[in-house]
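Welcome! Here are a few short exercises to work through with the structure in view. Try each task before you read its solution.

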Amino acid sequence: MLRLACRLGYVNSQTKLHLMQRTRSFLSFVLFSFPFFLAAQTRHTVSGTVRDKKSGETLIGASIVLLGQSRLNVLSNAYGFYSVNATPGDYKMVVSFTGYQPDTVAVSLVRDVVVPVELTAEGAQLQEVVISANRNSNNVTKPLMGVQKLSINEIKDIPVLFGEKDILKTIQLLPGVQSGGDGNSGFYVRGGSIDQNLILLDEATVYNPSHLLGFFSTFNSDALKDVTLYKGAIPAEYGGRLASVLDVKMNDGNSRDYHASGGIGLISSRLNVEGPVGGDDKGSFIVSARRTYADVFLKLSKDTNTNRSSLYFYDINAKANYKLGDNDRIYLSGYFGKDNLGLGNTFGIDYGNSTATFRWNHIFNSRLFSNTSLIYSKYNYDIKINSGNNDIGITSYIRDYHFKEDLQYYANASNKINFGIDVINHTTSPGVISATESSSYNPITVSDKHALETAAYFSHDVSVSEKLNMNYGLRAGLFTVMGPGKFYTYDSSGNAIDTASYGSGSIVKNYFNLEPRFSVSYKVTDVSSFKVAYTRTTQNLHLLSNSTSSNPTDVWIPSSNNVKPEIADQVSLGYYRNFEANKYEFSSEVYYRDMQNQIDYKNGAQLIANENVESQLIFGKGRSYGLELFFKKKVGKFNGWVSYTLSRTERQFTGVNNDSWYPANQDRTHNLSVVAIYKVNKKWTLSADFVYYSGNAVTWPSGKYEVNGQVVFLYTERNAYRMPSYNRLDVGATLQGKKTKKFDSNWNFSIYNLYGRENPYSISFQQDPGDASKTQAIQYALFRWVPSVTYNFKF
């Protein structure tokens with residue numbers, strides 16, 4: 001906190017005045033809007049928190065309805081809090097949540113009242129009978145579009161690589177989301193790059209969301225409560241990325257009883273412990289840990305180089321919360337993960353994320369809810385190379401200190417206001433190369449980069465009529481590039497034409513951007529609606545990577561005097577329809593996204609530990625457009641979904657491809673996913689998923705010529721060719737063990753790529769050794785059949 005305060009003190013008085021003027025104007029707009037929300041007649045409020053009856057976990061997004069009152073339908077917030085106000089009278093309040101038995105509560109509104117609600121989880125058979133009559137249609141009525149929520153219970157039954165429950169691989173089965181490669185946890189959303197996704201874990205940014213080069217995700221599903229993906233109308237409280245937001249919330253822990261759970265797999269195991277703190281529902285804690293042990297098998301090798309090698313990762317999630325009073329609760333959560341990959345004493349790399357979040361929830365009154373957060377986030381990697389006399393180390397990191405203040409004001413049942421501020425201090429280290437005196441390489445140190453990112457936001461959810469619902473908002477962001485360090489100015493060819501030195505805390509450049517957000521839904525019938533949305537987003541942190549998927553050695557740089565903020569404008573239109581009392585849901589969306597200040601690299605660009613890395617960059621623009629179809633059966637013995645995306649993603653850079661538009665690397669015309677889960681009986685659950693997508697756009701040689709006896713391949717158009725199409729079928733089965741009051745267990749079996757198709761991971765070219773006039777294309781595949789077995793337990 002002291003360090004953050006010092007960083008904030010760097011901003012000089014002129015910038016402070018500029019920021020205060022803009023903030024004052026912004027807050028004036030919010031305050032002048034308030035009279036619109038105030039009702040003329042007396043109203044009273046019922047508020048409270050929705051929880052799981054057995055564990056005490058808060059339920060996010062529970063539906064609260066006052067029967068007999070039109071438009072009195074709200075959702076619980078990220079902490080389970082809800083607030084509904086109405087004219088005086090006696091009401092029946094129905095509270096429901098997917099996978100739980102709904103509860104009906106009698107409420108007498110003669111004054112403001114607090115009504116805590118606890119829901120009981122039900123099995124699949126009861127869900128079909130009881131919950132079907134109370135399933136809500138929020139996907140139809142709520143104005144936000146391009147939003148996907150994932151149930152952790154759904155994730156556990158979907159077969160994935162190595163048998164691990166994996167939210168990042170599961171979201172790749174949703175429309176508009178594409179995988180970064182076979183078995184890879186990296187993903188693209190609506191034509192955006194991998195770094196254009198904001199990934200949050202309890203509000204902390206996760207900069208590299210993968211383990212073991214992408215084959216496992218950072219997230220241990222045992223520790224998670226809620227997963228929401230925003231890819232269309234992104235709410236104003238989120239900023240900093242162009243394409244999407246993946247908001248992941250950790251479990252709070254069981255506040256009623258102590259429990260332990262875990263799983264033992266072929267190459268990894270995990271353990272989860274949770275329980276109450278202080279008694280009387282005062283608080284709770286949870287600790288989840290996971291580790292792979294492929295390195296144990298390496299030690300069995302007789303080869304000295306192999307048995308000295310390392311190949312493993314571990315991660316730990318921890319969280320605790322405590323109730324200070326009826327209106328106050330504090331939370332402390334953290335994540336620490338590390339990967340270690342090494343080949344004997346020759347090469348080694350370790351990398352990982354660490355985050356910490358402190359939050360204070362305060363209820364000012366029945367209508368005003370506040371959350372104050374202090375957040376720490378860091379990603380770093382360390383490479384060691386030992387070859388002969390050369391003993392070299394390469395390090396890089398990005399670190400954030402982050403303050404947030406979020407407030408929610410429930411003016412009435414049809415008007416909700418979100419507003420707040422966001423301040424982040426960024427420090428990035430582009431790279432340090434260390435070398436011993438005997439090494440033939442010289443050590444290199446590139447100065448750290450410093451920046452301050454501040455924002456204020458406002459959004460308003462309003463139900464204009466029974467048919468028309470609207471969400472509009474504005475995010476105002478200021479990105480300040482700061483010293484110390486040397487800052488170069490480059491011409492169009494990348495030559496330095498000016499150099500300026502700045503002291504610590506000096507302002508190099510300010511970028512101010514307004515990001516309007518707007519979405520509206522019009523209900524055609526009780527079960528169908530049209531929606532339209534517009535979203536502007538900006539991004540001031542940029543990932544430098546020569547790979548098509550997330551890489552441990554990727555480097556982050558901030559916007560600077562040369563690198564401008566990336567800006568995207570997206571418009572989307574959708575039709576939503578539910579069937580059979582909301583048992584089935586269907587949606588279709590079309591979108592168009594325009595992107596400015598996109599980044600690419602010159603041929604042979606050196607990205608690591610390069611003081612002049614900005615001279616290696618070129619800047620252009622991008623566009624993406626497409627159609628997304630989604631059909632889902634939500635409950636019953638048989639459920640699942642089908643998603644299809646038809647899309648196009650293109651880029652244009654001066655001097656590339658004759659200045660013409662060309663397909664981006666991640667451009668895929670067709671993307672189809674089918675997920676099916678069938679509960680055979682109380683013991684057996686079967687599942688399967690099928691994936692098909694068109695091949696990525698690639699640049700391949702269109703000819704060859706000879707220079708001094710050496711064959712040189714000729715490349716013409718950028719990304720004018722296609723990789724072969726990809727398809728795969730995965731199957732899984734879960735065998736439920738005997739349940740008792742104190743112990744529960746199951747076995748999970750899965751096969752990744754059931755019919756063993758050798759999907760191309762990469763294709764390279766070489767001259768045919770037998771015929772110099774011919775060229776050979778060599779295809780490499782990663783996974784054919786991958787069986788997995790996991791034993792899960794809870795007591």
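**Exercise 1.** How many helices and how many strands are there in the chain?

*Solution.* Keep in mind that this is a predicted model. Start with the helices: the chain has 8. Then turn to the strands, of which there are 52. Next, look at the overall fold: for 795 residues the globule rule gives 28 Å, and the radius of gyration of the chain is 27 Å, close to that value, so the chain is as compact as a globular protein of that length. To finish, picture the C-alpha trace, which spans about 90 × 65 × 50 Å along its principal axes.

**Exercise 2.** Find what percentage of the 795 residues is buried, and describe the exposed surface.

*Solution.* Begin inside: counting residues under 20% relative accessible area as buried, you get 56% of the 795 residues. Now move outside, where the chain exposes about 33,700 Å². Carbon and sulfur atoms supply 56% of that area.

**Exercise 3.** Which domains is the chain divided into, and how many residues do domain 2 and domain 3 bring to their contact?

*Solution.* First, mark the bounds: domain 1 covers 32-136, domain 2 covers 147-247 and domain 3 covers 248-794. Second, check the C-alpha centres of domain 2 and domain 3, which lie 6 Å apart. Third, count the contact: 77 residues come from domain 2 and 117 residues from domain 3.

**Exercise 4.** How far apart are the mean positions of the positive and negative charges of the chain?

*Solution.* Take the 80 positive charges and the 69 negative charges of the chain. Their mean positions are 4 Å apart.

Key. Residues numbered from 1 in each chain as written. Predicted model: local features only at pLDDT ≥ 70, side-chain atom pairs only at ≥ 80, totals over all residues. Heavy atoms only, no water. Helix = DSSP H or I, 4+ residues; strand = E, 2+ residues; numbered from the N terminus. Rg over C-alpha atoms; globule rule 2.2 N^0.38 Å. Buried < 20%, exposed > 50% of the residue type's maximum accessible area, 1.4 Å probe, protein only. Areas by Shrake-Rupley, 256 points an atom, 1.4 Å probe, with all protein chains shown as cover. Lys, Arg positive; Asp, Glu negative; His and termini not counted. Charge placed at Lys NZ, Arg CZ, Asp CG, Glu CD. Domains from an automatic or database assignment. Contact = heavy atoms within 4.5 Å.
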